[in-house]
Amino acid sequence: MAQGTGRQSGKDSKRGRSGKGGRRGLARLCSVLSMLVLAALVLACIPLTVPRMFGCQIYSVISGSMEPAIRVGSLVYVQSAAPEEILAEDVIAFYAASDSAAVITHRVTENRVTMGEFITKGDANQSEDMNPVPYDNFIGKVAYSIPVAGRAAELLTSAAGKLLAGGVILFALFLQAAAAFVGRCQD
């Protein structure tokens, strides 16, 4: 400060304003980035959680038997339905066998209500599936699908994906802590 004037010199004045203003801006930036990171994580999880609240089961498509209608890497949403109400051309999900956890998504070519079975075919396949699908193996009717979302779902639900999500949360917390620290330093 210049003696006796009570004013800061130009050099000191600029440093004072940019120091507090810069820190305030940095604190705001950290806070906004933290919120954006958390919002992105929440948005990525919505396709995996919200449909379940409405009774949908969710599956990732890993084969090309239904291309081009349902591409590999898509996420399919399956709603329960009465097997008797399924029509030809409906796409259904079913267990490959009664003792299998493998799920297949194919189009119905015929619903044999009296026999309690479906005749199905993948759109990309030349012929109908070899074995009829008994009603006991029927999961539901495909309501809709989201291309590429299956790959993201597989990542998010894997061990590596859960670690990544945890890392994202920690990063967001770090940004919030940095914003608080920088905010306190300016006071």
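Is Arg107 buried or exposed? In this predicted model, Arg107 is buried, with a relative accessible area of 18%. The side chain of Arg107 nevertheless takes part in a salt bridge, meeting Asp123 at 2.8 Å, N to O. Asp123 sits in the loop between S5 and S6 and Arg107 in strand S4 (residues 103-112), so this pair ties together parts that are 16 residues apart in sequence. Asp123 has a relative accessibility of 28% and therefore counts as partly exposed.

The protein chain has 187 residues, of which 31% count as buried. Its secondary structure comprises 3 helices and 7 strands. Read from the N terminus, the order of elements is α-β-β-β-β-β-β-β-α-α. The chain exposes about 11,800 Å², and carbon and sulfur atoms account for 61% of that area. Among contacts between residues at least 6 apart in sequence, 56% join residues at least 24 apart.

Confidence was examined next. Mean pLDDT for the protein chain is 85, and 87% of the residues reach 70 or more. Residues 9-18 stay under 50. For that stretch the model has 4 contacts beyond four places in sequence.

The structure holds 5 salt bridges. One of them joins Glu117 and Arg112, with the closest N and O atoms 3.0 Å apart. Glu117 is buried at 14% relative accessibility, whereas Arg112 is partly exposed at 29%. Shared partners extend this pairing: Glu110, Arg112 and Glu117 are joined by salt bridges into one network. Another salt bridge links the side chains of Arg71 and Glu67, at 3.9 Å from N to O. Both of its partners are partly exposed: Arg71 has a relative accessibility of 45%, and Glu67 has 27%.

Aromatic pairs number 3. The rings of Tyr77 and Tyr144 have centres 4.5 Å apart and planes at 25°; the pair is therefore stacked, since planes under 30 degrees apart meet that criterion. Tyr77 belongs to strand S2 (residues 75-79) and Tyr144 to strand S7 (residues 138-146), so the contact ties together parts that are 67 residues apart in sequence. Tyr77 is buried, at 1% relative accessible area. Tyr144 is partly exposed, at 40%.

Phe118 and Tyr135 form a tilted pair, with 5.0 Å between centres and 45° between planes. Phe118 lies in strand S5 (residues 117-121), and Tyr135 in the loop between strand S6 (133-134) and S7, so parts 17 residues apart in sequence are tied together. Phe118 and Tyr135 are both buried. Ring pairs link these two residues with Phe138 into a cluster.

Strand S7 also contains Val142. Val142 counts as buried because its relative accessibility is 13%, under the 20% limit. Beyond its neighbours within four places in sequence, Val142 is in contact with Val76, Tyr77, Val78, Val91, Ile92, Ala93 and Thr105. The C-alpha atoms of Val142 and Ala93 are 6.6 Å apart in space, although the two residues are 49 apart in sequence.

A nonpolar patch occurs on the surface. Leu26, Leu29, Val32, Leu33 and Leu36 form this patch, with about 440 Å² of accessible area together. Leu36 lies in helix H1 (residues 10-53). With 54% relative accessibility, over the 50% limit, Leu36 counts as exposed.

How values were computed:
Residues numbered from 1 in each chain as written. Predicted model: local features only at pLDDT ≥ 70, side-chain atom pairs only at ≥ 80, totals over all residues. Heavy atoms only, no water. Patch = residues over 30% accessible without salt bridge, like charges linked within 9 Å, V, L, I, M, F, W, Y side chains within 5 Å. Areas by Shrake-Rupley, 256 points an atom, 1.4 Å probe, with all protein chains shown as cover. Salt bridge = Lys/Arg side-chain N within 4 Å of Asp/Glu carboxyl O. Helix = DSSP H or I, 4+ residues; strand = E, 2+ residues; numbered from the N terminus. Buried < 20%, exposed > 50% of the residue type's maximum accessible area, 1.4 Å probe, protein only. Phe/Tyr/Trp six-rings, centres within 6.5 Å; stacked < 30°, edge-to-face > 60°. Contact = heavy atoms within 4.5 Å. pLDDT = per-residue confidence, 0-100.
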